[in-house]
Amino acid sequence: MNNYTIVDRSLATKWTRFFNHLIDLSAFYILILFIGLIIGIWHSLTNSELAYSLIQAMNNVNGLVDRVFTMILYAVFLFLQEWIFKGRSIGKFITGTKAVNETNKPLNTIDLLKRNLTRAVPFEAFSFLGNLGLHDKWSDTRVVKIKLFEENLKSRNEIEEIGQVVA
């Protein structure tokens with residue numbers, strides 16, 4: 001059983017991926033609301049001009065600029081999580097999944113940057129109507145169920161050990 005087969009046999013379902021997305025998106029918007037709340041409290045307590053300028057900028061931003069900026073921030077939010085937690089985000093922790101390289105090589109920073117900056121492509125989420133999302137295709141990564149993935153790795157390793165001469 002090669003690395004491609006192990007990854008393919010361990011893929012998370014589209015529903016699991018959808019729940020990952022909903023959880024991650026909810027966490028992102030909670031973080032944004034929390035930052036806005038902090039800025040509002042900061043302004044209320046200190047009457048800071050900087051805080052007031054930030055509030056005004058957020059209120060007066062163009063709708064298109066707001067959407068593009070939010071997509072980029074979301075991609076960075078997911079990149080940082082997957083970089084810090086080795087292929088996992090809040091949603092992936094909850095659903096027991098992780099992102100891996102399609103050949104089971106360790107994810108590197110370039111893989112994660114490609115994977116997550118691709119999310120800023122408009123309508124990227126609709127790419128899941130096919131087999132894989134653009135952020136999986138373009139970065140050569142996949143999302144796997146961790147338990148199943150580890151079981152498949154263990155089985156492969158046990159099969160490879162059969163017949164080996166013990167020194």
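A residue is called buried when its relative accessible area is under 20%, exposed when that area is over 50%, and partly exposed in between. These cut-offs are applied here to a predicted model. E82 has a relative accessible area of 0% and is therefore buried.

E82 is a suitable starting point for the charged contacts of this chain. The residue forms a salt bridge with R115, in which the closest N and O atoms are 3.0 Å apart. This pair links distant parts of the chain, since E82 lies in helix α4 (residues 63-84) and R115 in helix α6 (residues 109-117), with their positions 33 residues apart in sequence. R115 also has a relative accessible area of 0%, so R115 is buried as well.

R115 has a further charged partner. Its side chain meets that of D136 in a salt bridge, at 2.7 Å from N to O. Here helix α6, which holds R115, is linked to helix α7, which holds D136, and the two residues are 21 apart in sequence. D136 is buried because its relative accessible area is 0%. The connections extend beyond these residues: salt bridges that share partners join R17, E82, K92, R115, R119 and D136 into one network.

The link from D136 to R17 belongs to this picture. Their salt bridge brings the closest N and O atoms to 2.8 Å. The two ends are again distant parts of the chain, with D136 in helix α7 (residues 134-137) and R17 in helix α2 (residues 14-46), 119 residues apart. Both R17 and D136 are buried. Across the whole structure, a search finds six salt bridges.

The helices that carry R17 and E82 can also be set beside the database record. UniProt, in an unreviewed entry, places the feature "transmembrane region" at residues 21-44 and 64-85. In the model, residues 21-44 are 100% helix and 0% strand, and the C-alpha atoms at the two ends are 34 Å apart. Residues 64-85 are 95% helix and 0% strand, with end C-alpha atoms 32 Å apart.

The backbone offers another point of interest. K86 has a positive phi of about 55°, although this residue is not a glycine. K86 is found in the loop between α4 and α5 (90-95). With a relative accessible area of 67%, which is over the 50% cut-off, K86 is therefore exposed.

N104 likewise is not a glycine and has a positive phi, of about 65°. The residue is found in the loop between β1 (97-101) and α6. Its relative accessible area of 24% falls between the two cut-offs, so N104 counts as partly exposed.

N104 leads in turn to L153, a residue placed in helix α8 (residues 146-161). What does L153 contact, once its neighbours within four places in sequence are left aside? The contacts of L153 are then with I6 and N104. L153 and N104 are 49 residues apart in sequence, and their C-alpha atoms are 9.9 Å apart in space. L153 has 18% relative accessibility, which is under the 20% cut-off, and therefore counts as buried.

Definitions and conventions:
Residues are numbered from 1 along each chain as its sequence is written. This is a predicted model: local features need pLDDT of at least 70, side-chain atom pairs count only at pLDDT 80 or more; totals for chains, interfaces and linings use all residues. Side-chain values use heavy atoms; hydrogens and water are left out. Helices (H or I, at least four residues) and strands (E, at least two) are DSSP runs, numbered from the N terminus. Buried means under 20% relative accessible area, exposed over 50%, partly exposed in between (1.4 Å probe, protein chains only). Contact means heavy atoms within 4.5 Å. A salt bridge is a side-chain nitrogen of Lys or Arg within 4 Å of a carboxyl oxygen of Asp or Glu. UniProt positions are given in the numbering used here, feature names are shortened, and annotations may be inferred rather than shown by experiment.
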